[in-house]
Amino acid sequence: MKDYGLEYRKYVIGVVATLIVVIYIIRLFSLQIMSDDYKKNADSNAFLKKIDYPARGNITDRTGKLLVYNQPAYDIMVVMNEEADKVDTLEFCSALGITKDFYAKRMAEIKDRNKNPGYSRFTQQIFMSQLSEEEFSLFREKIYRFPGFYMQKRSIRQYQYPYAAHVLGDVAEVSQGDIEDDEYYQSGDYIGKLGVERAYEKELRGEKGVQILLRDAHGRIKGRYQEGKFDKKPVAGKDLTLSIDIELQALGERLMEGKIGSIVAIEPSTGEILCMVSSPTYDQRLMSGRQRGKMHRALQMNSWKPLLNRAIMGQYPPGSTFKTSQGLTFLSEGIISPQTSFPCHRGFQYKGLRVGCHGHHSPISLVPAISTSCNGYFCWGLYHMISNRRKYKTAQDAINTWRDYMVSMGFGYKLGVDLPGEKRGLIPNADFYDNAYNKSWNGLTIISISIGQGEVNLTPLQIANLGATIANRGYFITPHVVKEIKGQPLDKKYKEKHMTKATRSSYDYIVAGMRSSVIGGTCHEANRSDYEVCGKTGTAENRGHDHSVFMGFAPMKSPKIAVAVYVENGGFGATFGVPIGALIMEKYINGKLSEGSEAKARAMQSRHVAYGSTDR
């Protein structure tokens with residue numbers, strides 16, 4: 001009798017065996033044909049691919065002064081084959097000036113796959129990095145005695161001046177995240193970490209070259225493979241010209257000593273940033289070489305937060321500088337005319353609500369309201385806009401229209417400056433207030449935004465850009481710190497004009513008000529006989545002492561510079577903001593400070609703000 005069970009098992013076993021053979025064939029095909037992993041491992045035994053690092057691009061200021069350049073440095077590389085195990089460690093440590101403990105610890109770190117995920121005993125690993133010419137000179141004479149160890153020449157960044165740290169940034173060793181994000185990098189490479197060095201990393205870094213060296217079975221170098229036929233020369237990084245004037249930057253940093261805050265100056269016609277000061281600052285020259293990690297940790301631990309670029313990351317109430325944007329909006333929307341007058345009896349008073357103001361004549365119209373920085377005028381303007389049911393169906397419609405004007409002026413979103421870390425500030429809209437007040441709000445509820453208080457927050461860069469927009473009578477170009485990339489066009493967004501929603505004629509009245517403020521109003525200390533200055537002060541309320549703010553431009557008819565100054569807890573705008581802004585404008589327009597102005601600069605440099613725990 002035929003055993004069908006045995007017959008069935010025979011077929012099953014045959015099918016299983018066939019599947020196993022097919023799986024092995026597919027796997028072998030994948031490994032040997034589709035994948036180059038084995039080829040790479042075989043190549044790593046026969047060849048040593050020595051990287052030739054390109055020179056990183058130099059950086060100059062707008063006048064051609066060299067700011068950042070390269071100095072030669074050397075890395076000690078090791079291939080962890082059997083030859084490296086035969087090194088006389090005592091002689092090796094003596095040649096490099098290190099201890100045996102350091103040697104043992106470093107070799108263990110290299111082999112630790114948790115700390116060094118890319119480790120392979122056949123590929124080069126960094127033993128020590130960024131040795132100077134002097135440090136390397138003694139080791140160079142003895143390197144032939146240490147099989148498995150090689151010299152890798154590269155360069156380290158040098159900074160000519162102790163200024164513009166937040167703009168320039170620095171470079172440091174790549175993180176594992178950097179390597180995963182971009183296959184260009186491998187362990188031990190360097191990358192821009194902050195500032196321009198980070199924002200323009202791909203332009204500055206260049207392209208690596210490679211030398212393919214032939215090795216014998218013991219890993220010893222036997223020469224260049226096919227006489228260098230497959231070698232690739234490195235391509236140097238592109239040089240950058242910044243829009244920064246380093247002398248203006250130096251003056252700004254002097255003036256902000258002992259103060260927390262920022263100065264931003266912009267050339268209105270181009271959007272080029274002439275100086276960007278964040279205080280407190282630091283000397284980026286201390287952030288180069290092997291000491292970078294230690295210095296960076298110390299700065300991170302500093303309670304004054306010197307690593308924070310307050311010019312683009314600080315989000316502050318703009319205070320009365322914001323009144324210029326309100327005047328533009330009310331005029332353009334037909335809420336007021338230039339002749340419209342509002343009462344101000346030491347403030348805005350209506351239905352039990354009072355917003356204080358200093359003494360001046362009343363009623364008051366737009367131009368003198370800007371000149372005297374009248375709170376009452378702009379509170380009335382906003383109240384009439386939000387309450388106008390002939391023009392807007394609801395308060396929500398009115399505030400969203402207001403929001404649209406603010407956004408068109410560069411507020412509420414990132415401007416797009418070519419530096420990492422920019423913040424957007426805050427411009428509230430209808431949804432914001434509906435959520436905050438459960439849809440039960442009106443013009444009185446939000447009246448403080450009309451004078452740059454309440455929920456409104458801007459960065460110093462946005463305040464400076466407001467000055468540039470007014471100087472241009474209605475448009476701005478995205479602010480940027482790089483003026484030129486050698487051999488490559490600048491991004492077109494740094495050439496395009498952004499028109500605001502405000503009418504061209506409305507700007508004429510705002511300019512007149514800012515000019516009047518300098519002639520005989522709150523900015524009178526900025527007045528000069530050789531060119532016409534336009535300005536607006538701000539005294540932004542704070543939990544501690546008020547912040548001192550200034551925004552202005554000059555000359556009035558052919559503007560060359562717009563500037564914003566923000567001094568945390570500095571009090572009235574005229575106390576710090578106006579004199580600092582005036583000195584910055586004079587330096588740029590005239591190329592130097594007069595003798596009297598230099599004396600004022602020295603006095604301001606030594607004038608510090610006393611900060612307590614409630615102020616910061």
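Colleague: Which residue is the bridge partner of F550 in β20?

Modeller: V565. Bear in mind this is a predicted model, where local features need pLDDT of at least 70, side-chain atom pairs count only at 80 or more, and totals for chains, interfaces and linings use all residues. Numbering starts from 1 along each chain as its sequence is written, and side-chain values use heavy atoms, with hydrogens and water left out.

Colleague: What makes β19 and β20 a pair?

Modeller: Pairing takes at least two DSSP bridges between two strands, with strands being E runs of at least two residues and helices H or I runs of at least four, numbered from the N terminus. β19 (547-554) and β20 (561-567) share 7 bridges, in the antiparallel sense, so they qualify as a pair.

Colleague: In the open sheet β12-β11-β20-β19-β18, why do β12 and β18 count as edges?

Modeller: Each has a single partner strand, so one side of each lacks a neighbour in the sheet.

Colleague: Why is α10 called roughly antiparallel to α20?

Modeller: Angles run from 0 to 180 degrees between N-to-C directions, with axes fitted to C-alpha atoms, for helices over the stretch in contact. α10 (246-255) and α20 (577-590) pack at about 160°, axes 10 Å apart. Over 145 counts as roughly antiparallel (under 35 roughly parallel, 65 to 115 roughly perpendicular, the rest oblique), so the label fits.

Colleague: Which residues of α10 and α20 meet?

Modeller: With contact meaning heavy atoms within 4.5 Å, E247, L248, L251, G252 and L255 in α10 meet I580, L583, I584, K587 and Y588 in α20.
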